[in-house]
Amino acid sequence: MSDQTPNNSRQRDAVRTQAEILDIATREFAERGYAGARVDEIAALTRTTKRMIYYYFGGKKQLYIKVLERAYTGIQEAEQAVDITGLDPAEAIRHLAQLTFDHHTSHADSIRLVGIENIHRAEHLAKSETLVKAGTPVIDLISGILARGREQGIFRDDADAVDVHMMISSFAVFPVANRHTFGTLFGRDPLDPGRRAHYRRMLGDMVVAYLRSPAGS
């Protein structure tokens, strides 16, 4: 018996419509900020109506939170997909750092959304039960790498997983968050494809050099 029933078809249409709304809303919020984005404009750019957006998401604030959830979930999924099987601690942390760089620099809208939410002091993020309950699995991953490095005597004893994550994220976010101001002041595009390999290697070198430096230095 075929599963092409009217109910199944409507469910698939609803899923596609919601995904389209989230795609457009992500772009609009990233470009215009929370205050500047308009539900009317998002509806006009999709194959739906303002009424349906409110039906699916409840309102502008709820739509924005869903956009944030999808952005952060994408980052977390990329981090969890990192395969460090068989890598020594130094190569494992280098691999994680470089893949984080790749993800952040290729998902500019997500990074802009993080910046916008910081302007709002994370007030919307704090209302997301999905993200608050998800925790930070990348910290567990980094903690495991650091523990192996300490056991082997190659990593400093006082290295902290959150600090290392901040170090990696800072460099990975910078090219997107500061592209235009940096380019204007220094005449160099931090997202220049020709320098991508250089920056990836530079990030890996910095993190490994820090972890291999003497404790307290």
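A pocket is an open set of grid points, each with protein on both sides within 12 Å along at least five of seven lines. In this predicted model, the largest pocket has a volume of about 520 Å³. Its lining is made up of 20 residues, and those closest to the centre of the pocket are Tyr-72, Ile-75, Gln-76, Thr-136 and His-165. Five elements give two or more residues each to this lining: helix 4 (60–80), helix 6 (108–119), helix 7 (129–134), helix 8 (137–151) and helix 9 (161–177). In terms of residue class, the lining of the largest pocket comprises 11 nonpolar, seven polar and two charged residues.

The setting of this pocket is a protein chain with 11 helices and zero strands. Followed along the sequence, the chain reads α-α-α-α-α-α-α-α-α-α-α. The C-alpha trace spans about 60 × 55 × 35 Å along its principal axes.

The packing of the helices may be considered next. Two packed helices are described by the angle between their axes and by the distance between those axes. Helix 9, one of the elements of the pocket lining, also packs against helix 11: their axes come within 10 Å and cross at roughly 160°. Angles over 145 degrees count as roughly antiparallel, and helix 9 and helix 11 are therefore roughly antiparallel to each other. The crossing of helix 9 and helix 11 is right-handed. On the helix 9 side, the contact involves Val-164, Met-167, Ile-168 and Phe-171, which meet Tyr-199, Met-202, Leu-203, Met-206, Val-207, Tyr-210 and Leu-211 in helix 11. This contact has 11 nonpolar residues, with no polar and no charged ones.

Helix 11 (residues 196–212) also packs against helix 5 (residues 89–106), with the axes 9 Å apart and at an angle of about 140°. Which orientation does this angle give helix 5 and helix 11? The two helices are therefore oblique to each other. Their crossing is right-handed. From helix 5, the residues in contact are Ala-90, Ile-93, Arg-94, Ala-97, Gln-98, Phe-101, Asp-102 and Thr-105. Their partners in helix 11 are Arg-196, Tyr-199, Arg-200, Arg-201, Leu-203, Gly-204, Asp-205, Val-207, Val-208, Leu-211 and Arg-212. By class, the residues of the contact of helix 5 with helix 11 are nine nonpolar, three polar and seven charged.

Helix 11 thus takes part in both contacts. Tyr-199, Leu-203, Val-207 and Leu-211 are among the helix 11 residues that meet helix 5, and they are also among those that meet helix 9.

Definitions and conventions: Residues numbered from 1 in each chain as written. Predicted model: local features only at pLDDT ≥ 70, side-chain atom pairs only at ≥ 80, totals over all residues. Heavy atoms only, no water. Axes fitted to C-alpha atoms, helices over the stretch in contact; angles between N-to-C directions. Helix = DSSP H or I, 4+ residues; strand = E, 2+ residues; numbered from the N terminus. Parallel < 35°, antiparallel > 145°, perpendicular 65-115°, else oblique. Left-handed = near helix turned anticlockwise from the far one by under 90°. Contact = heavy atoms within 4.5 Å. Nonpolar A, V, L, I, M, F, W, Y, C, P; charged D, E, K, R; others polar. 1 Å grid on protein atoms, 1.4 Å probe; cavity = no way out; pocket = protein on both sides within 12 Å on 5 of 7 lines; lining within 4 Å. Points joined across faces, edges and corners; volume = space filled by probe spheres on them.
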